[in-house]
Amino acid sequence: MQQNDWRKSVVYQIYPKSFNDTTGNGEGDLQGIIEKLAYLQYLGVDYIWLTPVYESPMNDNGYDISNYFKVNPQFGTIEDLKTLVAEAHKRNLKIMMDIVINHTSTEHEWFKQAYADKNSLYRDYYFFRRSADSEPPTNWESKFGGNAWKYDEKTDEYYLHLFDVTQADLNWDNPEVRRVLYDVINHWIDFGIDGFRFDVINLISKGEFKNSEKIGKEFYTDGPRVHDYLHEMNQHTFGDKDLMTVGEMSSTTIEHCIKYTAPERQELSSVFNFHHLKVDYVDGEKWSNAKLDFHKLKDILMEWQLGIYEGGGWNAIFWCNHDQPRVVTRFGDDTTEPLRKQSAKMLATVLHMLQGTPYIYQGEEIGMTDPGFDDISQYRDVESLNAYDKLKSSGYDEQEILTILGQKSRDNSRTPVQWTSGENAGFTSGEPWIDIPNNFDKINVEAAMEDEQSILQTYRHLIQLRHEHDIVTYGSIEPLFMDHKELFIYKRHHNGETWLVIANFSKEGVVIPESLDVDGEVIIQNGEVVNGVIDGFGSIVVAQ
Ligand code: GLC
């Protein structure tokens, strides 16, 4: 058994603004995280991924960094961060920082100087381009809507922003930019952190600036020099250290992800991809309403499981994060209490038995739901507000837009963690920065800790299984009955051992295929299996 292998870890993602507020200003903070470390230890996770806590104007909630070395005062001080790392370490919890180096805030000193003076050395830190006609240099679309180039009248040039207009893309082709970014990473390594999550890291190498037939993705996704840059970054920073890294990969491919993560290439430890979450889109369009395409979900997950495993790479596996709606509302059923509980446990089991490193997003472990906002004034996210405007101007009516946002908005997962049934769900004594779903009286951590049958207990059990059984980490995967309309079935194999996983994605009981041998020792179970029928949203893992 490989004792200290990071591959055996489970990561818990914290979105600090919505985690726990100790000052009463309605926004979470670092002291709030420190207060809850005992809870995370109880849950049993190994790493905590902190979404950005650096100085930032917060136009994109911290993904717009204005100073890589400072802590945003709204979260606390650098001393608080030191205490957090030390206190986490005392409890055997490791800390991963989120590093956003595809772009900086336009309030970053580098950008300010670049923007103010065309001859500044910082001008080439970004992509400033002139255009031959009155159109922007290319027709690429920003991921948050609109053209990806912002015009500056003063110099008659545009700068590139693949995200918000206040998030200017850094020019990685400039060696000086790479050098200063490696300094940033080394600073945090010296600070004592244990890993990094690299934001949209497969977008750092821009190809040619040409017009696109679509929205431009093909020019910068997994771009021409991305592997060289990641290898170089590895060699100049964490390569020879015991750190876990995960890269967020936008619209990537299996081939690239094998390259990003195959150990001998020395780029990253693991990768997130999002293909399995685009299964409730209409024709690839996020801002649409569609039901889950279950076959597509299975096909994509299994294609990635097999592809990455066979290619010698490493997946990060997840249902939820701060950019995705809550999975129990999305792929489960939160309309009644037994269904919510049952489906959340099933979704947890089917994911945690897959190959790769699992991530749990705050609140997922108690089955938090989408909030069901019914007024645009309840939304805070820049992407959602832009989408609202765009849909409005395309003629959608208010109700339709609210239904779409209700399904897809990133704010769905950004509501505060529901700790107790008390005031503001125990999150803050002040006015929360975003509304709290009104189901917190029943769905909260305190209640989940008291209930032996809670979703939380299932998560604890699944984490424990990963820690205790190598098959969960290292086993190969064998998809089964892929055409089945309701059941997700697969086996894991390791050193002569086999585990069978069956999960029912429908709310009705379903007959398990007769030809499947289900005999063996039950490892974990949710719902009953009686006379060959598995309960609605039931799941079972059997060692054979
Ligand atoms: C990533 C982050 C997201 C952010 C974007 C731009 O996708 O997860 O929250 O808006 O990058 O930094």
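In this predicted model, Asp 283 sits in the loop that runs between strand 13 (270–272) and helix 9 (294–311). Its phi is near 50°, a positive value in a residue other than glycine. Most residues other than glycine have a negative phi. With a relative accessible area of 79%, Asp 283 is exposed, because the value is over 50%. Ala 425 also has a positive phi, of about 55°, although it is not a glycine, and it lies in the loop between helix 13 (398–408) and helix 14. Ala 425, however, counts as buried, because its relative accessibility is 0%, which is under 20%.

As for the overall layout, the domain assignment of the chain gives domain 1 as two segments, 6–104 and 174–463, with domain 2 covering 109–169 and domain 3 covering 477–543. Between domain 2 and domain 3, the C-alpha centres lie 53 Å apart. Helix 15 (residues 455–468) has 14 residues, and from its first C-alpha to its last it reaches 20 Å, close to the 20 Å expected at 1.5 Å a residue. Among the buried residues of helix 15 are Ile 455, Leu 456, Tyr 459, Leu 462, Ile 463 and Leu 465, and the polar or charged Gln 457, Thr 458 and Arg 466 are buried there as well.

The nonpolar interior can be taken next. In soluble globular proteins, nonpolar side chains tend to be buried together. Here the largest nonpolar core has 136 residues, of which Leu 50, Phe 196 and Trp 319 touch the most other members; the largest share of this core, nine residues, comes from helix 5 (residues 175–191). Leaving out residues up to four places away in sequence, Phe 196 touches Met 96, Met 97, Ile 99, Ile 185, Trp 188, Ile 189, Phe 238, Leu 243, Met 244, Thr 245 and Val 246. A second, separate core of 14 residues includes Trp 149, Leu 160, Leu 162 and Phe 219.

The charged side chains can be followed in turn, beginning with a count of 31 salt bridges. Arg 197 and Asp 199 meet in one of them, with a distance of 2.7 Å from N to O, and both Arg 197 and Asp 199 are buried. Asp 199 is found in the loop between strand 11 (195–198) and helix 6 (217–220), and it counts as buried because its relative accessibility is 6%. Beyond its neighbours within four places in sequence, Asp 199 is in contact with Tyr 63, Asp 98, Ile 99, Val 100, His 103 and Glu 248.

Another salt bridge joins Lys 341 to Asp 451, with the closest N and O atoms 2.7 Å apart. This pair links distant parts of the chain, as Lys 341 belongs to helix 11 (residues 337–352) and Asp 451 to the loop between helix 14 (445–450) and helix 15, 110 residues apart. Lys 341 is partly exposed, with a relative accessible area of 24%, and Asp 451 is partly exposed with a relative accessible area of 24%. Salt bridges that share partners also join Asp 60, Lys 286, Asp 323, Asp 381, Glu 383, Arg 410 and Arg 414 into one network.

Towards the start of the numbering, the side chains of Arg 7 and Asp 5 meet in a salt bridge of 3.0 Å, from N to O. Arg 7 counts as partly exposed, at 21% relative accessibility, whereas Asp 5 counts as buried, at 10% relative accessibility.

Key
Residues numbered from 1 in each chain as written. Predicted model: local features only at pLDDT ≥ 70, side-chain atom pairs only at ≥ 80, totals over all residues. Heavy atoms only, no water. Domains from an automatic or database assignment. Helix = DSSP H or I, 4+ residues; strand = E, 2+ residues; numbered from the N terminus. Expected span 1.5 Å × (residues − 1). Buried < 20%, exposed > 50% of the residue type's maximum accessible area, 1.4 Å probe, protein only. Salt bridge = Lys/Arg side-chain N within 4 Å of Asp/Glu carboxyl O. Contact = heavy atoms within 4.5 Å. Core = buried A, V, L, I, M, F, W, Y, C linked by side-chain atoms within 4.5 Å.
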